[in-house]
Amino acid sequence: MVYKYDFLIIGAGVAGMSYALKVARAKKGKVCLICKTSLDEANTSFAQGGVASVTNLAVDDFEKHIEDTMIAGDYISDRAAVEQVVRNAPEQIKELVQWGVNFDKKSDGTFDLHREGGHSEFRILHHADDTGAEIQRGLMEAVRRAPNIDIKENHFAVEIITQHHLGAKVTRRTPYINCYGAYVLNPETEKVDTYLSKVTLMCTGGCGAVYQTTTNPVIATGDGEAMVYRAKGTVQDMEFVQFHPTALYSPGETHPAFLITEAMRGYGGILRLPNGESFMEKYDERLSLAPRDIVARAIDKEMKIHGLDHVCLDVTHKDPAETRKHFPNIYQKCLSMGIDITTDYIPVRPAAHYMCGGIKVDLNGCSSIERLYAIGECSCTGLHGGNRLASNSLIEAVVYADAAAKHSLEHVDLYDFNEKVPEWNDEGTLTNEEKVLITQSVKEVGEIMSNYVGIVRSDLRLHRAWVRLDTLYEETENLFKRVKATKDICELRNMINVGYLITRFALERKESRGLHYTIDYPAHAYDKE
């Protein structure tokens, strides 16, 4: 089957739905939203903490938020991108509210703001401790009401279409690579359909599932980064994988590991060893409110020193009623495990959480491939630099959705559908009866990345990961050529591609900076005892 859409959106989290609503409102053509599972299973739904935006002008201002972001990013951040997000955040918050998203307010009607690690002021808007789910709910309802948005749930984008598919030789030096749409797998028919588009937006979310333990859902397999890289697009900063310091330690729950929000440390939570001893004073004067990379490495080091499988977060000194009010979902989750957080320590450990790098884009969300935009976690805008400041990601997604929508609406009439694109050819391929090979390879990718490309790295470990991933790549590509495309094998290909990119970028950075820490190039600040 061949479908034609003016705007093809691959991914349906806050970035994709915000963009869809903005371009649909302009009524300049048909909009299609490709979602690999159901609309409510995006990474957005798992974000607990909130959205960072300067709203309390009595004490806060844009310059403070900009400086906090630059500090957290280890000054690798692109200041123009930082300014764009920070200065446009309040306007996008208003639009989210107009779409039906609810943020908690105080009795006087002002926003009830939290403070999180790395922020100098209280500026985190939230909805209890399930902000992401509330944003996803509000946007889903708005998208479903929009008459000119076609939603394709449980569809999987296999590849973006470029002139490579028309027989042209495309390399990383090809000056004008064009995107004409995507090949998309329909699981009901088990066929790969052709989706032609004038403009394509990549917003596939994160890649945490390449690690054994992650706060991301199992669908976070780095599809966007992998597809664009295979199409010879530019990716950047893939070494900067953020590990959330405080995922709930619950053996067996690894995809996703339950997140203990940053806001709990902003609320006054203290990191301790199981014996009650605090330890963050050894690593940073900001203690438990230090940026995530510092806290994650500190926990990792303490676990190794003491032979622990977790440390603890303590909020037992806080008012129990307030704790239950602010963190109802965390309270219930822990209670289901026999832990009353008002009287017991919460067992926590770091888990892969967020990719700061991704598909390189400019201030309009344009990638290096013509007619292809990328926003959200799969993109690298330059905002996060070496380390994402807490709660900057959701606001980045909506600000760049706005920028990309405005730019693409200005240019969409300049493009035509490319009618010469061939349909997907799977002639001669077989139905894959060797699912065990895929299952085992997925497990291997997680083990390789967690053991060799984790929080603390070395050249020896990274080279070992490179060799292991290369073997998996050859095996998987050979299998992919023999069998019909399925979601499982396509996700595996993407995971291997992303694992390779993280490893390669980590090897190329000959310093410890931001989220990339290597014992071969130690950072003096971390070695301070």
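This passage walks through helix H4, the aromatic pairs, the salt bridges and a few loop residues of a predicted model. Residues are numbered from 1 along each chain as its sequence is written, and side-chain values use heavy atoms, with hydrogens and water left out. As the model is predicted, local features need pLDDT of at least 70 and side-chain atom pairs count only at pLDDT 80 or more, while totals for chains, interfaces and linings use all residues.

Helix H4 covers residues 131–145. Helices here are DSSP runs of H or I with at least four residues, strands are runs of E with at least two, and both are numbered from the N terminus. The expected span of a helix is 1.5 Å times one less than its number of residues. For the 15 residues of H4 that gives 21 Å, and the end C-alpha atoms sit 22 Å apart, which agrees. Plenty of H4 is tucked away: Thr131, Gly132, Glu134, Ile135, Gln136, Gly138, Leu139, Met140, Ala142 and Val143 are buried. Buried means under 20% relative accessible area, exposed means over 50%, and partly exposed is in between (1.4 Å probe, protein chains only).

Next come the rings. Those of Phe, Tyr and Trp (its six-membered ring) pair if their centres lie within 6.5 Å; planes under 30 degrees apart count as stacked, over 60 as edge-to-face and the rest as tilted. By this rule there are nine aromatic pairs. In one of them, Phe7 and Tyr19 have ring centres 6.4 Å apart and planes at 70°, so the pair is edge-to-face. This pair ties together distant parts of the chain, with Phe7 in strand S1 (residues 2–10) and Tyr19 twelve residues away in helix H1 (residues 14–25). Phe7 is buried at 0% relative accessibility, and Tyr19 is buried too, at 1%. Phe103 and Phe111 also pair up edge-to-face, because their centres are 6.2 Å apart and their planes meet at 85°. Here Phe103 is buried at 8% relative accessibility, whereas Phe111 is partly exposed at 23%.

Tyr3, Tyr5 and Tyr195 make up one aromatic cluster. Tyr5 has a charge for company as well: the charged end of Lys30 sits over its ring, 5.0 Å from the centre. That label applies if NZ of Lys or CZ of Arg is within 6 Å of the ring centre and within 35 degrees of the ring normal. Arg388 does something similar over the face of Tyr354, at 4.2 Å from the ring centre.

On to the salt bridges, where a side-chain nitrogen of Lys or Arg lies within 4 Å of a carboxyl oxygen of Asp or Glu. The structure holds 35 of them. Asp74 and Arg513 form one, with their closest N and O atoms 3.8 Å apart. The two partners are 439 residues apart: Asp74 is in the loop between helix H2 (62–72) and helix H3 (79–98), and Arg513 is in the loop between helix H13 (487–508) and strand S18 (517–518). Asp74 is partly exposed at 29% relative accessibility, as is Arg513 at 25%. Glu159 and Arg493 also meet in a salt bridge, at 3.0 Å from N to O. This one bridges 334 residues of sequence, from Glu159 in strand S6 (residues 156–161) to Arg493 in helix H13. Glu159 is buried at 11% relative accessibility, and Arg493 is buried at 7%.

Helix H13 also has a local bridge, between Lys487 and Glu491 (3.5 Å, N to O). These two are four residues apart in H13, so about one helical turn separates them. Lys487 is partly exposed at 28% relative accessibility, while Glu491 is buried at 10%. Elsewhere, salt bridges with shared partners join Lys22, Arg25, Glu95, Asp402 and Lys406 into one network.

Finally, some loop residues. Most residues other than glycine have a negative phi. Arg371, in the loop between strand S14 (358–360) and strand S15 (372–374), has a positive phi near 70°. Arg371 is buried, at 10% relative accessible area. Ser391 has a positive phi as well, near 65°, and lies in the loop between strand S16 (379–380) and helix H10 (393–411). Ser391 is buried at 5% relative accessibility.
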